[in-house]
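Subject: A structure for you to explore

Hello,

Here is the structure I promised to pass on. Have a look at it first, and then read on for what turned up.

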Amino acid sequence: MGKKFTLKEQNISVEIGKYAKLADGAAWMQQGETIVLATACTSPTDEFPGFLPLSVDYREQFSAVGKIPGGYLKREGRASDKEVLTSRLIDRALRPLFPAHYFNQLQAIITVCSADTEYEPATLSLLGISLALTISKIPFMGPVGVAQVGRVDGEWVINPTLPQQAESDVKIIVAGIERGVVMVEGAAGEISETDLVDVLFMAHEAIKQQIKWQLDIAKEVGVEKEDLQPNPEWAEWEKLSNAFLTDDRLATIWTAEKVARNEALKKIKVDFLEANKEAIEKDVISEKWVKYVFDGCLKAKVGARIVAVGQRVDGRSFDQVREISGEVGVLPRTHGSALFNRGDTQSLVSATLGSGQDEQRVETLQGDTKRNFMLHYNFPPFSVGEVRPMRGPGRREVGHGALAASALRAVLPTAEEFPYTLRIISDILASNGSSSMATVCGSTLALLDAGVPVKKMVSGIAMGLLQKADGSFQAISDITGFEDAFGLMDFKVAGTAEGITAIQMDIKYKDGLPRSVFEQALAQSNTGRSFILDKMKDVISAPRPELSKFVPKVVQFKINKDKIGAVIGGGGKVIREIIETTGVTIDISDDGTVQIFGQPGPELDKAIGWVKTLAGQIERGAIYNGIVRRIADFGLFVELVPGQDGLVHVSLIPRDRQNQMNVDYPEGSPLVVEVMDYDADTGRIRLRPAADQNQNQDKDKDKDNK
């Protein structure tokens with residue numbers, strides 16, 4: 001039987017040794033009635049991979065909530081966006097915590113086995129896989145703890161329950177080791193920089209509890225770590241690399257031109273390999289391995305030289321943002337479009353407005369939900385001058401799109417304010433650093449171009465961090481792809497002029513960063529965001545006053561909930577008839593909210609009148625293009641809309657026509673009528689001929705007869 005351990009302060013327990021016994025490490029984690037199984041396995045690699053071959057897979061089984069998946073297959077298929085995003089979050093927290101010379105295959109699989117309505121399985125999964133690695137032979141330099149922060153009614157809440165999360169305007173997940181924070185991700189309703197720093201260190205207190213708990217468990221379990229010895233030639237090749245990387249050689253890559261810089265880098269590497277060709281052959285080691293060691297030394301040397309000379313490789317100062325430009329309306333038939341440029345990075349964004357039926361239906365453990373805002377990010381190979389197969393969106397595309405979407409969600413109008421479904425597509429045409437933040441900026445411009453009444457404009461920036469010779473740190477603004485590789489932090493911040501709406505931070509510094517570093521980086525990012533925002537305002541600063549002529553109109557109103565059945569009809573017969581006859585789209589919510597979506601004109605007006613009439617919203621004086629359905633001695637029954645008739649009493653018909661109603665008003669003939677009265681209790685409608693309209697009809701008939 002296994003051993004059970006409990007962290008009472010956070011209502012978390014784990015069972016070790018009972019489940020998944022053949023895995024290198026396994027943890028059966030439980031919080032409330034939410035249970036996840038986290039397993040870690042390692043295997044030697046046949047060839048040197050050139051990177052840490054870590055794969056993380058977080059999967060949710062619908063059996064965890066007593067559900068059978070929808071669709072034809074009735075089993076879990078490709079990973080959902082939530083599963084992909086959670087896998088990425090876990091990967092980013094773990095990846096920096098393995099030795100630089102460890103290259104065994106690593107696989108972390110986390111399965112949600114049971115899920116309640118109180119506790120979030122994603123954060124429990126990160127804690128579980130950290131524990132599985134900590135008690136395994138794998139040389140993991142953790143453990144890692146994780147805390148989620150919410151804000152409910154203005155009060156900060158650590159590890160809020162799912163109901164509290166639903167009420168929170170902040171969702172920030174913080175992962176850390178004993179010495180400090182290693183990963184941050186989340187969205188916020190314009191949180192200030194000071195509050196964000198407070199949140200990080202508040203969360204770290206809860207994380208430290210988890211770290212101590214895991215270390216105590218590992219001590220009791222007593223599994224010995226793998227004795228990992230680096231290749232004995234590692235230090236020798238580092239020495240050769242550092243000696244080769246002189247200031248003169250490094251100076252050749254200090255150029256603003258990306259292509260020229262890449263050529264200079266390529267020459268440095270080729271020259272190094274050529275100079276050490278005999279040593280490579282003598283030691284019988286792969287050129288790929290030598291390149292890996294050399295690249296590590298190159299990154300360290302470049303970072304050190306930047307802070308020494310006070311100038312980045314492209315000539316910018318530490319806080320300088322690259323040239324910003326933009327255009328809107330670049331795609332004439334889209335509802336809104338923009339082209340955003342920042343240095344060599346370029347994002348082409350389109351915004352499309354749809355109806356309620358265009359909402360995305362998402363099946364989750366917490367229940368089926370609908371999304372009326374979608375942001376899809378595409379990263380084609382030509383954006384970085386490469387050739388590779390074009391397949392579906394990968395984890396990177398899903399992650400970057402989700403980050404940009406979370407940055408914008410706080411400023412979008414509510415469904416009541418703007419009853420459209422929104423879809424944004426960001427196509428990255430060129431990439432040299434932080435295309436996700438370019439997507440945020442381009443999407444803001446495209447939404448304004450489409451006339452979407454966003455509350456505020458949002459801009460984003462990517463920050464980096466370098467360490468000086470004296471041990472202090474220097475933040476750098478608007479990092480390029482090249483700078484991302486050698487910095488100690490990749491820090492993406494998006495927000496309005498008033499506060500932060502989204503953040504994603506990965507820290508590669510294993511000793512923890514002091515509060516002052518976060519404060520400096522956030523203050524510098526604020527300056528950069530403001531600069532970018534001003535440049536965006538030069539392009540467009542407010543939503544266009546009118547929507548594009550290509551955007552169908554949405555009319556929204558409410559009907560009595562008791563009348564929903566009358567509008568829908570048996571088996572949906574009535575609503576289908578309205579849609580097929582008028583060509584509109586109709587959505588009816590359970591609360592009686594009706595949205596009718598179609599091109600402005602008589603067909604849209606007809607659909608609106610049809611629904612309102614069936615729902616009993618019949619106003620005195622309203623005019624209808626009716627059809628005579630039945631003739632009686634006491635008058636005419638006129639169909640206003642299918643399923644709803646009214647009576648024109650004989651006394652309201654001209655005397656000269658009363659005795660020949662079957663001639664002047666034959667069944668099936670059109671008749672324009674005006675509502676005199678409507679009795680909501682009985683449903684009776686009193687009508688009279690709309691004299692002016694019918695006189696015009698009579699004139700038309702006379703012309704036809706002549």
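Let's begin with one residue, S241. Its relative accessibility is 1%, so S241 counts as buried. You will find S241 in helix α5, which covers residues 234-244. Leaving aside residues up to four places away in sequence, S241 touches F272, F294 and C297. Please keep in mind that this is a predicted model.

Now for the whole chain. The protein chain has 706 residues, and 50% of them count as buried. Its secondary structure consists of 19 helices and 29 strands. Along the principal axes, the C-alpha trace spans about 115 × 65 × 45 Å. The exposed area of the chain is about 33,400 Å², with 49% of it supplied by carbon and sulfur atoms.

How far apart in sequence are the residues that touch? If you take contacts between residues at least 6 apart in sequence, 69% of them join residues at least 24 apart.

There is a charge count too. The chain carries 82 positive and 96 negative side chains, and the centres of these two sets lie 1 Å apart.

Next, please find helix α1, residues 81-94. From its first C-alpha to its last, α1 reaches 20 Å, close to the 20 Å expected for its 14 residues at 1.5 Å a residue. Is α1 mostly covered or mostly open? It is mostly covered, with 11 of the 14 residues buried. Among those buried residues are V84, L89, I90 and L94, and also E83, R88, D91 and R92. A general point helps when you look at any such helix: an α-helix has 3.6 residues a turn, so residues three or four places apart point the same way.

The aromatic rings are a nice thing to trace on screen. A pair of such rings is described by the distance of the centres and the angle of the planes. The structure holds 19 aromatic pairs. In one of them, the ring centres of W234 and W289 are 5.9 Å apart and the planes meet at 80°, so this pair is edge-to-face. W234 belongs to helix α5 and W289 to helix α9 (residues 287-309), so the pair ties together parts that are 55 residues apart in sequence. Both W234 and W289 are buried.

A second pair is formed by Y420 and F597. Their ring centres are 5.8 Å apart and their planes are at 75°, so this pair is edge-to-face. Y420 sits in the loop between α10 (395-409) and β17, while F597 is in strand β24 (residues 593-598), so the pair ties together parts that are 177 residues apart in sequence. Both Y420 and F597 are buried.

Which residues form an aromatic cluster with W234 and W289? They are F48, F103 and Y292.

Last of all, try I425, which has its place in strand β17 (residues 421-430). Is I425 buried or exposed? At 17% relative accessibility, I425 counts as buried, because the cut-off for buried is under 20%. Its contacts, apart from residues up to four places away in sequence, are L348, V349, S350, H376 and N378. For a sense of scale, I425 and R630 are 205 residues apart in sequence and 54 Å apart in space, C-alpha to C-alpha.

Enjoy exploring, and write back with any questions!

Best wishes

Technical notes. Residues are numbered from 1 along each chain as its sequence is written. This is a predicted model: local features need pLDDT of at least 70, side-chain atom pairs count only at pLDDT 80 or more; totals for chains, interfaces and linings use all residues. Side-chain values use heavy atoms; hydrogens and water are left out. Helices (H or I, at least four residues) and strands (E, at least two) are DSSP runs, numbered from the N terminus. The expected span of a helix is 1.5 Å times one less than its number of residues. Buried means under 20% relative accessible area, exposed over 50%, partly exposed in between (1.4 Å probe, protein chains only). Contact means heavy atoms within 4.5 Å. Accessible areas come from the Shrake-Rupley method with a 1.4 Å probe; for residues, only the protein chains shown count as cover. Lys and Arg count as positive and Asp and Glu as negative; His and the chain ends are not counted. The place of a charge is taken as NZ of Lys, CZ of Arg, CG of Asp or CD of Glu. Rings of Phe, Tyr and Trp (its six-membered ring) pair if their centres lie within 6.5 Å; planes under 30 degrees apart count as stacked, over 60 as edge-to-face and the rest as tilted.
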